[in-house]
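The following note sets out several points for a colleague who is beginning to read protein structures. Please keep the sequence and the structure in view while working through them.

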Amino acid sequence: MAAIVGIDDTDSRTAGMCTTYVGTVLRQRLVDQGIPVHRQLLYRCHPAVKRKTRGNAAVGLHVEADPATILPIAREVVETHAVIDDDRTNPGLVIAPHGPDRIPAAVATFARNAVQTHQSLSTARSIAGDHDYHMCGWGDGHGHIGALAAVGAWDVTTEWTYEQLTYREPDRWGTPRTVDTSSVFAAADRWYPRIWDTVDRTADEAVCVPHTPGPVLYGLRGDDPAAITAAAEMIDSEPTSARTLFHTNQGTDAHLRDASLDALVDGHCYRTTGRVVDSPVTQRGGHVFVTIRGDDGHSIECAAFEPTKRFRDHVRALHPGDRITVCGEYTDGTMKLEKFAVRELTRTTMTTPSCPTCDRTMSSAGADQGYRCPDCDRTAPGKVEQPLDRSLSCGWYEVPPLARRHIAKPLVRGGFDAPIHPER
Ligand code: ZN
């Protein structure tokens, strides 16, 4: 009989555990007992949830076994490997007595919503209860939300990507990682763009190697499991303990909703379009702000924060009148930009005329009186149109790989509605 196991919120900020590792250990434990595990899912839920654990990732396993057989094994693995004594870690385990081809509509809907908006624990528990799912929770059991979402994920994700996670030997956790960066760059160059966000070439950084104290040595993301596996073979590193390939909704933009500017709700992520109102401003700390106004007359502030690095240059290059589509999280009235598309560029600007005889800039001749040359008294009726030198082109611009959110779609993956300017 088929079953789906969902696990979430086993991470700890301080001890650095990782739910994918708990999933990897459980998978191995099941396989060791002769239980087939067909696939593993890494499902990223709503990134704007305030109490999220690090990446807000839940894990699902598609298993061929009776839930009653799986339950004690899964419970023991979570209890052994989750950091239960961290009071901000509240693991949840959900086991559904059906395979991925039998996901109930309510569970699928819950999974879809969990990527785009906050879901309550009581809703998760009530849906799981309606379908006779096994549930185990620790702490306040908050992890039941992500665990149920991971159970329904297969039905609502149309565009799976992959991540192969390679884990460290446990006695090395918390020590500096030994990964040969030049081999990572060679693997990235060989397999890009079938793998992506492996490195940041401009920043010269191996993005796939985390800095947190957890069990992951590196994670390779892409559209093609064969390319990911081949790339992993090229990487020289310290000894590793395990390697698991996950189906993921990373790099898909599944968190974004389309809405007009007057319809944005705080704490959600959107794709919305407006016109640049005034020149972008760089504030203290290097954060860049620009205001856009929609066709409905509603304005919002957009921000490219300092960690988005060279992406800020594209935002600074915007000009009043440009029409752009912006994507990102809308919080406290500000859109935190992940990417934007230039739809129309302002090509000219109105400037004070110069005298055709003396080449001097004219001065105002008084209200509604036009302009006059201070030297020869030649006049001009008003401002003149000057061509603008633009560094931007039409199409999509994005944050660099080192600043990418897990769920945000890299431009190189394609499928965008305008030309793309990918960051590598
Ligand atoms: Zn003159």
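**Notes on selected features**

1. With a relative accessibility of 13%, Asp197 counts as buried, because buried means under 20%. The model under discussion is a predicted one. Asp197 belongs to the loop that runs between strand 7 and strand 8 (216-222). Its phi is positive, at about 55°, although Asp197 is not a glycine.

2. Asp368 offers a useful companion case. Here too the phi is positive, about 60°, and the residue is not a glycine. Asp368 is placed in the loop between strand 18 (363-364) and strand 19 (371-372). Its relative accessibility is 82%, so Asp368 counts as exposed, the cut-off for that word being over 50%.

3. The backbone also deserves attention at Pro193. The peptide bond leading from Tyr192 to Pro193 is cis, and its omega is near 5°. Pro193 sits in the loop that links helix 6 (181-191) and strand 7 (195-196).

4. The next point concerns a pair of helices. Two packed helices are described by the angle between their axes and by the distance between those axes. For helix 3 (residues 105-116) and helix 5 (residues 144-156), the axes come within 7 Å and cross at roughly 105°. Helix 3 is therefore roughly perpendicular to helix 5, since angles from 65 to 115 degrees are given that description. On the side of helix 3, the contact is made by Val107, Ala108, Phe110, Ala111, Arg112 and Ala114. Helix 5 contributes Ile145, Leu148, Ala149, Val151, Gly152, Ala153, Asp155 and Val156. Sorted by character, the residues of this contact comprise eleven nonpolar, one polar and two charged.

5. Thr117 is found in the loop between helix 3 and helix 4 (121-130). Is Thr117 buried or exposed? Its relative accessibility is 18%, so Thr117 counts as buried. When neighbours within four places in sequence are left aside, Thr117 is in contact with His46, Arg257 and His268. Of these, His268 merits a further look: it is 151 residues away from Thr117 in sequence, yet the two C-alpha atoms are 6.4 Å apart in space. The side chains of Thr117 and His268 are joined by a polar contact of 2.8 Å.

6. Thr334 may be read in a similar way. This residue has its place in strand 16 (residues 334-344). At 13% relative accessibility, Thr334 counts as buried. Its contacts, apart from neighbours within four places in sequence, are with Glu301, Cys302, Ala303 and Glu329. With Glu301, the side chain of Thr334 makes a polar contact to the side chain, at 3.0 Å.

7. The final point is a sheet. Strands of a sheet pair through backbone hydrogen bonds, in either a parallel or an antiparallel manner. In this model, three strands form an open sheet in the order 18-19-20, and their pairing is antiparallel. Which strands stand at the edges? They are strand 18 and strand 20 (379-380); each has a single partner strand, so one side of each is left without a neighbour in the sheet. Strand 18 and strand 19 pair over two bridges, and Ser364 stands opposite Tyr371 of strand 19. The loop between strand 18 and strand 19 is the one that holds Asp368, discussed in the second point.

Methods
Residues numbered from 1 in each chain as written. Predicted model: local features only at pLDDT ≥ 70, side-chain atom pairs only at ≥ 80, totals over all residues. Heavy atoms only, no water. Helix = DSSP H or I, 4+ residues; strand = E, 2+ residues; numbered from the N terminus. Buried < 20%, exposed > 50% of the residue type's maximum accessible area, 1.4 Å probe, protein only. Axes fitted to C-alpha atoms, helices over the stretch in contact; angles between N-to-C directions. Parallel < 35°, antiparallel > 145°, perpendicular 65-115°, else oblique. Contact = heavy atoms within 4.5 Å. Nonpolar A, V, L, I, M, F, W, Y, C, P; charged D, E, K, R; others polar. Polar contact = N/O pair within 3.5 Å; in protein donor to acceptor, adjacent residues only side chain to side chain. Pairing = 2+ DSSP bridges.
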